[in-house]
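Trainee: I would like a close look at one part of this structure, namely the strands and how they are set against their surroundings. Could you take me through that part slowly, with the residues that mark it?

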Amino acid sequence: MTTRCVDEFPRQASLSRRAVVLGAGAGAASLIAAKSVPLVRAQTAAPEAVDHKITIAPTSLEIAPGKVIKTTAYNGTVPGPVLRLKEGRPVRIEVTNNSGYPNLIHWHGLMIPSVQDGAVEEGSPIIEPGASLTYSYIPKPFGTRWYHSHAMAMTDLAKSTYSGEFGFLLVEPAAGDPGSYDREVLLAAHHWDGHWVSMQDIKKGPPPDNGLEVMYHATTLGDRMLGHGEPIRVREGERVLFRVLNASGNMGISLALPGHRFKVLALDGNPVPTAAIVDVLKLDVAERADVIVEMNNPGVWVFGSTDDEDRGIGMGIVVEYANKTGEPSWTAPANLKWDYTVFGWANAASAAPDETIDLKFEKIPGGRGGYNRWTINGKSWPDTNPLFAVTEGKRYRLRLNNNSGDEHPVHLHRHSFEITKVGEKQTSGVIKDTISMPRYSTAEVDFVADDPGPTFFHCHHQDHMDEGFAGLITYRP
Ligand SMILES: [Cu+2]
């Protein structure tokens, strides 16, 4: 397998026709030439002040004593700085790319113009090494969003979403936060120190129809491996709002806090119709959950992965009640089931779609030593450009069919969708931007074409996206 670099990859081919960042250097204002994209005009060399500055640069993280991860990060911290924005209030964010590779930042879950969205496939400009770019947009809708690299990584497990380039972006409601909790804790999960391995060699079983996969040697929930950071210190009777994000490159997570339950208020930042109480939070890559935990079981607990292996390499954080000491305890939850429909309206039907589109996801196995390729309706990016076209104002139903043995968190940029069916079960009211499709599963999601501009649709596993699992939805003029 030869290593393809970003510049050679066909996904980048359209860039020269679009926007190019010209501005660079310390202190220089960014300048963008993009004659064909008038929306960029607002970004051009304006003397306006910026609200936030983010520098992407190499950093070293000590996630446990002696366990140092060399990665890239935003402003030297992982996660990056929490961006608290106000719904509807314009924001300007200056990004300087010292990561050493062509890069850009995607504002995940926001409904903003394609050119600001941070996906080169939609026409957002790439930020060349050493250059700066100011993103300028009106944040909406409110909720737990996040920001992360949307660069290609291909075989380089130090780049893009494999790296520390992620952070929370919280859009506060214009009406103000009701705040029926005592405090807020932000927790992002990430997998580190990945290596390409052949499962065929590891499992020594019959030859699976599978190519190389990433195996990780460390994980964090928060900023350290389990047992090595400061615990979350709580008091009995407190209501804690946890905003949990899976910011991993390509690993789903499942979390529990023994002796406690999670009241789920929002998924992907959007309030759910039924605030169901569950024992386990299953979050695929890019998914978020806002949950309330009533601290009513004094002790010292592990809030961690239900997967022993994952927890063993660090996925967890200690929750410690005031005046309690001792080893943190862990008990596996009895029920690991996760079902989006428990958060929906059981009986209310969704609006009828104007059009229904079938999307089938399949794997082209790489075999031993090779990388798997991925297809949507038999095609891989860039042959999936366009995937299909929409008319503004119409409602589209996507019938998703994961005809593969892998799980896929499927993400739609710049729009939210309503989950209308999971397997054979109807539901409504759960609004998300990413849906986890378990192996060999089906689901239906509806979205309204209400944000004109090229719209990227892809699997949020970095390796799947890089290997073709992506398409572009276009608006009819
Ligand atoms: Cu995938």
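Mentor: What follows goes from the chain as a whole to its strands, its core and a few particular loop residues.

The model is a predicted one, and its protein chain holds three helices and 33 strands. Of the 477 residues of that chain, 48% count as buried. Among contacts with a separation of 6 or more, 74% are between residues that lie 24 or more positions apart.

Strand E21, residues 300-305, is a good place to begin, because five of its six residues are buried and the strand is therefore largely enclosed by the rest of the structure. Strand E15, residues 253-256, pairs with E21 in the antiparallel sense over two bridges, and in this pairing Leu255 stands opposite Ser305 of E21. E21 is also joined to strand E22, residues 316-321, by five bridges, and these two strands run antiparallel. Within that pairing, Val302 has Val318 of E22 as its bridge partner.

Strand E27, residues 408-412, can be read in a similar way, since four of its five residues are buried and the strand is mostly covered. E27 pairs with strand E30, residues 434-437, in the antiparallel sense over four bridges, while three bridges join E27 to strand E32, residues 455-459, again with antiparallel strands. His411 is a useful residue to find on the display, for it stands opposite Thr434 in E30 and also opposite His458 in E32. As a general point, the strands of a sheet pair through backbone hydrogen bonds, either parallel or antiparallel.

A parallel pairing can be seen elsewhere, where strand E3, residues 52-64, and strand E6, residues 91-97, are paired over five bridges, with Ile56 standing opposite Asn97 of E6. These two strands belong to an open sheet of four strands with mixed pairing, in the order E4-E3-E6-E8. Strand E4, residues 67-74, and E8 stand at the edges of this sheet with a single partner strand each, so one side of each is left without a neighbour in the sheet. On average, and with direction ignored, neighbouring strands of this sheet are turned by 30 degrees against each other.

From the strands we can turn to the core. The largest nonpolar core has 112 residues, and those with the most contacts inside it are Val95, Leu169, Val244, Val264, Val291 and Val445. Strand E10, residues 166-172, gives the most to this core, with five residues. In soluble globular proteins, nonpolar side chains tend to be buried together. Once neighbours within four places in sequence are set aside, Val445 is in contact with Leu398, Leu400, Phe417, Glu418, Ile419, Thr420 and Ile435.

Leu245, which has its place in strand E14, residues 239-246, shows how a single position can be described from several sides. Leu245 counts as buried because it has 28 C-beta neighbours inside 10 Å, where 20 or more are needed. Leaving aside neighbours within four places in sequence, Leu245 is in contact with Trp146, Phe168, Ala188, Ala189 and Arg288. The C-alpha atoms of Leu245 and Leu187 are 6.3 Å apart in space, although the two residues are 58 residues apart in sequence.

The loops deserve the same care, and two of them hold a cis peptide bond. The bond from Lys140 to Pro141 is cis, with omega near -10 degrees, and Pro141 lies in the loop between strand E8, 132-137, and strand E9, 143-149. The bond from Trp381 to Pro382 is also cis, with omega near 10 degrees, and Pro382 is found in the loop between strand E24, 373-376, and strand E25, 388-390.

Asn377 is found in that loop between E24 and E25 as well, and its phi is near 50 degrees, a positive value in a residue other than glycine. Asn377 is partly exposed, with 16 other C-beta atoms within 10 Å. Tyr440, in the loop between E30 and strand E31, 441-448, likewise has a positive phi in a residue other than glycine, here near 45 degrees. Tyr440 counts as exposed because it has 11 C-beta neighbours inside 10 Å, and the cut-off for exposed is 12 or fewer.

Methods: Residues are numbered from 1 along each chain as its sequence is written. This is a predicted model: local features need pLDDT of at least 70, side-chain atom pairs count only at pLDDT 80 or more; totals for chains, interfaces and linings use all residues. Two strands pair if DSSP finds at least two bridges between them. A nonpolar core is a set of buried Ala, Val, Leu, Ile, Met, Phe, Trp, Tyr and Cys residues joined through C-beta atoms within 7 Å. Two residues are in contact if their C-beta atoms, placed from the backbone, lie within 7 Å. Axes are lines fitted to C-alpha atoms, for helices over the stretch in contact, and angles run from 0 to 180 degrees between N-to-C directions.
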